[in-house]
Amino acid sequence: GGTAAVVAVSFALAPSAWSDWFAFLLASSGRSDLLVPRTVIAAGLLAFGAATGRRWLVPVAVWMALPNVILNSWVILLAAIRLRGRDVRDAPTPGERA
């Protein structure tokens with residue numbers, strides 16, 4: 001919901017900025033021809049991870065959606081290792097933390 005609000009407000013204030021951003025991504029010299037399919041797969045992974053409480057899928061989805069994957073981009077995947085095994089179902093409730 002928060003992301004949708006930011007998108008809506010930014011689109012209302014400067015609608016041409018979104019088309020400029022997409023044109024920039026498509027014209028980027030380091031971009032892959034698979035940017036659109038990767039982004040669709042990343043959105044699916046993110047939705048699946050959110051629905052099932054698999055936090056470790058968030059950094060994987062972020063990495064897949066990057067317009068330019070460079071050497072330093074792989075560091076994002078280290079977060080998946082840290083988050084693996086920490087599903088939302090296993091998190092303590094606020095009363096259990098005290």
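1. A residue is termed buried when its relative accessible area is under 20%, exposed when that value is over 50%, and partly exposed in between. The model discussed here is predicted. By that scale F22, with a relative accessibility of 46%, is partly exposed. W18 is also partly exposed, its relative accessible area being 28%.

2. These two residues form an aromatic pair. The ring centres of W18 and F22 lie 6.1 Å apart with the planes at 35°; stacked pairs need planes under 30 degrees apart and edge-to-face pairs over 60, so this one is tilted. Both residues belong to helix α2, which covers residues 15-27, and because they are four residues apart there, about one helical turn separates them. The count of aromatic pairs comes to three.

3. Turning to the overall fold, the chain contains six helices and zero strands. Along the sequence the pattern reads α-α-α-α-α-α.

4. On packing, the chain has 98 residues, of which 16% are buried. Of the contacts between residues at least 6 apart in sequence, 46% join residues at least 24 apart. The accessible surface of the chain is about 7200 Å², and carbon and sulfur atoms account for 71% of that surface.

5. Helix α3 merits a check of its geometry. This helix comprises 18 residues, 35-52, and should span 26 Å at 1.5 Å a residue. Its end C-alpha atoms are 25 Å apart, which agrees with the expected span.

6. Which residues of α3 are buried? They are L35, R38, A42 and G49. These residues cover an arc of only 60° around the axis, and therefore lie on the same side of α3. The cover over the buried residues of α3 includes α2 and α4, the latter being residues 57-65. Helix α2 is thus the element that holds W18 and F22 and is also part of the cover over α3.

7. The opposite face of α3 should be read alongside its buried side. Turned away from the buried residues, that face carries V36, V40 and A51, which are exposed.

8. A final point concerns the backbone where α3 ends. Just after this helix, G53 adopts a positive phi of about 75°.

Conventions: Residues numbered from 1 in each chain as written. Predicted model: local features only at pLDDT ≥ 70, side-chain atom pairs only at ≥ 80, totals over all residues. Heavy atoms only, no water. Phe/Tyr/Trp six-rings, centres within 6.5 Å; stacked < 30°, edge-to-face > 60°. Helix = DSSP H or I, 4+ residues; strand = E, 2+ residues; numbered from the N terminus. Buried < 20%, exposed > 50% of the residue type's maximum accessible area, 1.4 Å probe, protein only. Contact = heavy atoms within 4.5 Å. Areas by Shrake-Rupley, 256 points an atom, 1.4 Å probe, with all protein chains shown as cover. Expected span 1.5 Å × (residues − 1). Arc of directions from axis to C-beta.
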